[in-house]
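Biologist: Before we discuss particular assignments, may I ask you to justify each term by the rule behind it? Please place the model in front of us.

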Amino acid sequence: QVQVVESGGGLVQAGGSLRLSCAASGSILSINAMGWYRQAPGKQRELVAVITTGGRTNYADSVKGRFTISRDNAKNTASLQMNSLKAEDTGAYYCKADLIATSPIRYLEVWGQGTLVTVSS
């Protein structure tokens with residue numbers, strides 16, 4: 001079994017900062033990409049940021065310059081540093097790990113349960 005767990009959400013005023021963390025655990029051979037997605041009320045889930053094993057990153061235009069994704073390959077963790085938060089950043093934030101699991105060896109996309117971020121204006 002493989003699981004992904006997020007932490008770090010909460011309530012913050014506009015202009016403030018939050019740091020989200022994500023940890024993947026279980027029978028993992030390797031993790032290709034780890035990404036953060038968010039879903040605002042009444043909207044579809046969207047990509048926020050993604051990082052590959054080699055450290056390549058991609059960000060949604062709406063968060064470029066404000067958010068930074070990082071990861072620790074040895075610990076199977078990823079973080080999302082969110083600065084200059086805006087009310088429109090409010091939503092449930094989900095971490096996803098694209099990985100190779102063992103026993104049996106197979107490719108999986110594993111989602112966490114999500115963590116809520118609320119930015120008050």
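Modeller: I begin with a charge and a ring: the charged end of Arg45 sits over the ring of Trp111, 4.6 Å from its centre. The model is a predicted one, in which local features need pLDDT of at least 70 and side-chain atom pairs count only at pLDDT 80 or more, while totals for chains, interfaces and linings use all residues. Residues are numbered from 1 along each chain as its sequence is written, and side-chain values use heavy atoms, with hydrogens and water left out.

Biologist: What makes the charged end of Arg45 count as sitting over the ring of Trp111?

Modeller: The rule asks that NZ of Lys or CZ of Arg be within 6 Å of the ring centre and within 35 degrees of the ring normal. The value for Arg45 and Trp111 is 4.6 Å, so the distance condition is met. Arg45 also lies over the face of Tyr94, at 3.7 Å from the ring centre.

Biologist: How many aromatic pairs does the structure hold?

Modeller: There are 2 aromatic pairs. One of them joins Tyr94 and Trp111, with 6.5 Å from centre to centre and 80° between the planes. This pair links distant parts of the chain, since Tyr94 is in strand S9 (residues 91–101) and Trp111 in strand S10 (residues 106–111), 17 residues apart. The strands are DSSP runs of E with at least two residues, numbered from the N terminus.

Biologist: Why is the pair of Tyr94 and Trp111 called edge-to-face?

Modeller: Rings of Phe, Tyr and Trp (its six-membered ring) pair if their centres lie within 6.5 Å; planes under 30 degrees apart are stacked, over 60 edge-to-face, and the rest tilted. At 6.5 Å the centres satisfy the distance limit, and 80° is over 60, so the label is edge-to-face. Tyr37 joins Tyr94 and Trp111 in one aromatic cluster.

Biologist: Are Tyr94 and Trp111 buried or exposed?

Modeller: Buried means under 20% relative accessible area, exposed over 50%, and partly exposed in between (1.4 Å probe, protein chains only). Tyr94, at 14%, is therefore buried. Trp111 has 34%, so the term is partly exposed.

Biologist: How do you know that Asp89 and Arg66 form a salt bridge?

Modeller: The term requires a side-chain nitrogen of Lys or Arg within 4 Å of a carboxyl oxygen of Asp or Glu. The closest N and O atoms of Asp89 and Arg66 are 2.8 Å apart, so the pair qualifies. Distant parts of the chain are linked here: Asp89 is in the loop between S8 and S9, and Arg66 in the loop between strand S6 (57–59) and S7, 23 residues apart. Asp89 is buried at 1%, and Arg66 is buried at 11%.

Biologist: What makes the side chains of Arg66 and Asp89 a polar contact as well?

Modeller: A polar contact is a pair of N or O atoms within 3.5 Å; within protein, one must be able to donate a hydrogen and the other to accept it, and residues adjacent in sequence count only if both atoms are side-chain atoms. The contact between these side chains is 2.8 Å, so the distance falls within the limit. Arg66 also touches residues more than four places away in sequence, including Gln81, Met82 and Leu85, where contact means heavy atoms within 4.5 Å.

Biologist: Which other pairs count among the 6 salt bridges?

Modeller: Among them, Asp61 and Lys64 have their closest N and O atoms 3.1 Å apart. Asp61 is exposed at 64%, whereas Lys64 is partly exposed at 48%. Glu109 and Lys96 reach 3.9 Å, which also satisfies the rule. That pair connects strand S10, which holds Glu109, with strand S9, which holds Lys96, 13 residues apart. Glu109 is partly exposed at 48%, and Lys96 is buried at 8%. Salt bridges with shared partners also join Arg38, Glu46, Arg66 and Asp89 into one network.

Biologist: Why are S7 and S8 said to pair?

Modeller: Two strands pair if DSSP finds at least two bridges between them. Strand S7 (residues 67–72) has 6 bridges to S8, so the condition is met, and the two run antiparallel. They form a hairpin with 4 residues between them, and Asn76 in the turn has a positive phi of about 55°. Strand S3 (residues 18–26) is likewise joined to S8 (residues 77–82) by 6 bridges, also antiparallel. Ala78 in S8 is the bridge partner of Cys22 and of Arg71.
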